[in-house]
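Q: I am new to this structure and would like to learn how to read it. Could we go through it together, one feature at a time?

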Amino acid sequence: MAVTILAIESSCDDTSVAVIKDGCVLSNLIASQDIHKSYGGVVPELASRAHQANIVPVTQQAMFRAGVAVDDIDAVAFTRGPGLLGSLLVGTSFAKGFAITKNIPLIEVNHLQAHVMAHFILEKDKENRIPSFPFLCLLVSGGHTRIIIMRNHHEMEVIGNTIDDAAGEAFDKCGKVMGFPYPAGPLIDKLSVEGTSNAFSFSKPVVKGLDFSFSGLKTNFLYFLRDKIKDDPEFIENHKADLCASLQSTIVGILIGKMVRASHETGITEIGIAGGVSANSGLRNGMMIEAQKRKWNLFLPEFMYTTDNAAMIGITGYYKYLRGEFTGHEVTPLARY
Ligand code: KG4
Ligand code: ZN
């Protein structure tokens with residue numbers, strides 16, 4: 001029997017709704033919130049208000065594009081956390097209301113697990129290449145930087161974590177220092193193409209094992225610019241591309257260095273990247289070079305599945321549905337999952 005899942009993602013500043021049938025995406029809509037750009041970061045109160053305004057029309061559109069009616073939905077999957085509490089509340093309440101009204105199962109999903117599970121999304125009329133287990137994945141987003149071993153669709157083990165800032169946060173905070181709007185990651189990536197990656201050198205942290213640290217780099221970048229601007233107030237403007245390329249290559253170098261070590265220590269060569277920063281061209285190219293050198297079977301997610309999206313919630317929900325892992329209606333969101 002076919003299983004059709006309605007999936008809701010509202011953990012941060014994107015309202016996303018997807019319809020997944022038997023693991024295959026029928027629709028995946030994302031309403032982004034431009035309102036945060038001028039504030040240099042996501043404003044939680046504005047985010048939850050925008051989710052409230054978006055959730056019904058985005059769901060209607062997602063179902064329309066998928067060609068499904070309310071009665072075709074077998075279960076509702078939603079992001080329970082981690083994320084902004086006010087934002088999560090909107091998605092959780094909507095998912096609960098939908099499930100109760102239609103008397104269908106409700107399935108909670110961990111947003112971080114979903115980013116990794118994005119590698120298992122199937123698309124119609126495409127040659128779908130999916131990882132086998134164990135799968136070693138670098139999860140790099142605005143809030144998290146982790147190395148994860150997936151042993152099957154349900155079991156994940158975190159073997160490396162950031163001890164302070166996330167990689168995406170390093171991109172965004174350094175971008176903010178240069179006067180870039182939030183989120184700065186994509187713009188730094190774009191400008192890097194024109195720059196020289198070894199024009200400037202920034203500090204690489206020494207962190208034990210498979211953990212990461214990015215707060216020192218951010219401070220180093222800030223002080224470096226502060227000193228340069230003293231002599232040349234136009235320094236950032238005049239060296240934008242080189243600054244971006246050097247910063248990006250430092251962050252990417254740290255990430256890839258730890259993945260090489262993780263693969264070596266675990267013996268796993270089925271390797272992937274996930275999360276918003278996995279859209280970064282430097283990281284993607286660097287991983288491809290390592291994969292060739294080290295005979296990794298590398299999985300790079302499609303761009304639309306790198307940043308927050310409901311399709312990844314839907315695919316995670318689908319595998320939970322197959323196991324009968326349903327959630328009670330008393331569920332509340334978890335800012336820290
Ligand atoms: O996964 P995501 O959409 O949201 C979180 O769960 O955090 O990731 C957003 C993060 C932001 O920090 C953004 O700057 C970063 O992903 N990002 C990038 C790129 N695209 C998005 N960072 C570097 N290069 C990119 N191309
Ligand atoms: Zn995310």
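A: Happily, and let us begin with a definition: four donors count as tetrahedral if all angles lie between 85 and 135 degrees; four count as square planar and six as octahedral if opposite donors are over 155 degrees apart and all others between 65 and 115; anything else is irregular. Donors themselves are N, O and S atoms within 2.8 Å of the metal (3.2 Å for Na, K and Ca), and water is not among the atoms, so sites may look incomplete. Around the zinc ion (ligand 2), the four donor atoms subtend angles of 94 to 142°, which makes the arrangement irregular.

Q: What should I know about the model and its numbering?
A: This is a predicted model, in which local features need pLDDT of at least 70 and side-chain atom pairs count only at pLDDT 80 or more, while totals for chains, interfaces and linings use all residues. Residues are numbered from 1 along each chain as its sequence is written, chains are lettered from A and ligands numbered from 1 in the order in which they are written, and side-chain values use heavy atoms, with hydrogens and water left out.

Q: Which protein donors hold the zinc ion (ligand 2)?
A: They are His111 (NE2), His115 (NE2) and Asp308 (OD), at 2.0 to 2.1 Å from the ion. Along the sequence, the spacing of these donor residues is H-x3-H-x192-D. Helix α3 (residues 111-117) carries both His111 and His115, four residues apart, about one turn of the helix. Helices here are DSSP runs (H or I, at least four residues) and strands are too (E, at least two), numbered from the N terminus.

Q: Are His111 and His115 buried or exposed?
A: Buried means under 20% relative accessible area, exposed over 50%, and partly exposed in between (1.4 Å probe, protein chains only). His111 is buried at 7%, and His115 is buried at 0%.

Q: How are two packed helices described?
A: By the angle between their axes and the distance between the axes. Axes are lines fitted to C-alpha atoms, for helices over the stretch in contact, and angles run from 0 to 180 degrees between N-to-C directions. Here α8 (residues 240-266) and α9 (residues 281-294) pack at about 35°, with axes 9 Å apart.

Q: Which residues of α8 and α9 meet?
A: Contact means heavy atoms within 4.5 Å. On the α8 side, the residues include Val252, Leu255 and Ile256, and on the α9 side they include Leu283, Gly286 and Met287.

Q: Where do the cis peptide bonds to Pro82 and Pro183 occur?
A: One runs from Gly81 to Pro82, with omega near -5°, and Pro82 sits in the loop between β4 (75-81) and α2 (85-102). Another joins Tyr182 and Pro183, with omega about -5°; Pro183 is in the loop between α4 (167-177) and α5 (185-192).

Q: What is the phi of Asn103, and where does this residue lie?
A: Its phi is near 55°, a positive value in a residue other than glycine. Asn103 belongs to the loop between α2 and β5 (106-110), and counts as exposed at 69% relative accessibility. Lys295, also not a glycine, has a positive phi of about 55°; it lies in the loop between α9 and β10 (297-299).

Q: What does Thr327 touch?
A: Thr327 touches Leu106, Ile107 and Glu108, not counting residues up to four places away in sequence. Thr327 is in the segment after α10 (310-323) and counts as buried at 13% relative accessibility.
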